[in-house]
Amino acid sequence: MQCYICGGEMKKIKKDVEATWKGRTIIFRGMDAWVCEACGEQAYEPEDVRLMQGLIQGTLKQAEYPEIMNVEEVADLLRVSNQTVYNLVRSGKLPATKIGREWRFSRTQILALVKGEDFFEQAVGLAAREVGGSGISANDTEIIQKHLAEMGQVRG
């Protein structure tokens with residue numbers, strides 16, 4: 001293979017490749033590289049470059065999500081489309097609050113949902129307390145159980 005810079009002969013070798021992207025450095029060990037014997041230019045196979053780029057991007061996407069997230073951030077976290085997030089909100093399967101014209105989500109609640117914890121049980125305990133009491137009224141309990149059963153959320 002000829003060097004695209006100087007026209008010299010390129011030799012295929014195994015080497016460690018250090019890549020820095022957005023302040024992070026990743027070292028790929030034992031990568032195949034074409035190195036020009038004349039000028040030292042390095043080239044990599046396209047599939048190896050895609051692999052390195054994919055791994056770097058995957059690492060960068062593991063950034064912390066804010067506690068209050070928007071639709072795009074939730075979709076990215078759950079690895080679904082924005083429309084799927086809207087559909088889950090509409091069906092009541094994803095806890096959300098509408099602020100103005102936009103939906104906002106609690107990262108803690110989304111992660112609890114992914115882990116299989118039931119956010120409805122937590123929300124019911126907070127929202128349906130007796131006035132001046134510490135428990136849920138019998139009427140509210142009946143209404144809540146009916147709605148949870150309709151949503152398929154009752155666990156027995």
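A salt bridge here is a side-chain nitrogen of Lys or Arg within 4 Å of a carboxyl oxygen of Asp or Glu. Keep that handy for the first exercise, and remember that this is a predicted model.

**Exercise 1. Work out whether lysine 14 and aspartate 32 form a salt bridge, and place the pair in the chain.**

Solution. Start with the distance: N to O comes out at 3.0 Å for lysine 14 and aspartate 32. The cut-off is 4 Å, so the pair counts as a salt bridge. Next, find the two ends: lysine 14 sits in strand E1, while aspartate 32 belongs to strand E2 (residues 24-36). With their positions 18 residues apart, they tie together distant parts of the chain. Over the whole structure, the search turns up five salt bridges.

**Exercise 2. Describe how helix H2 and helix H3 cross, and what kind of residues make the contact.**

Solution. First get the geometry: the axes of H2 (residues 71-78) and H3 (residues 82-91) come within 8 Å and cross at roughly 100 degrees. Angles of 65 to 115 degrees count as roughly perpendicular, so that's what H2 is to H3. Now look at who touches: H2 brings Val71, Glu72, Val74 and Ala75, and H3 answers with Asn82, Val85 and Tyr86. Sort those and you get five nonpolar, one polar and one charged.

**Exercise 3. Find which element gives the most to the lining of the largest pocket, and sort the lining by residue type.**

Solution. The pocket holds about 190 Å³ of space. Its lining includes Val17, Trp21, Met52 and Gln53. Strand E1 (10-21) and helix H1 (46-60) each supply at least two lining residues, but H1 gives the most, with five. By type, the lining splits into seven nonpolar, three polar and no charged residues.

Terms used
Residues are numbered from 1 along each chain as its sequence is written. This is a predicted model: local features need pLDDT of at least 70, side-chain atom pairs count only at pLDDT 80 or more; totals for chains, interfaces and linings use all residues. Side-chain values use heavy atoms; hydrogens and water are left out. Axes are lines fitted to C-alpha atoms, for helices over the stretch in contact, and angles run from 0 to 180 degrees between N-to-C directions. Helices (H or I, at least four residues) and strands (E, at least two) are DSSP runs, numbered from the N terminus. Angles under 35 degrees count as roughly parallel, over 145 as roughly antiparallel, 65 to 115 as roughly perpendicular and the rest as oblique. Contact means heavy atoms within 4.5 Å. Ala, Val, Leu, Ile, Met, Phe, Trp, Tyr, Cys and Pro count as nonpolar, Asp, Glu, Lys and Arg as charged, and the others, Gly among them, as polar. On a 1 Å grid over the protein atoms alone, a cavity is a set of points where a 1.4 Å probe fits but cannot get out, and a pocket is an open set with protein on both sides within 12 Å along at least five of seven lines; lining residues have an atom within 4 Å of a point. Grid points are joined across faces, edges and corners, and a volume is the space filled by probe spheres set on the points.
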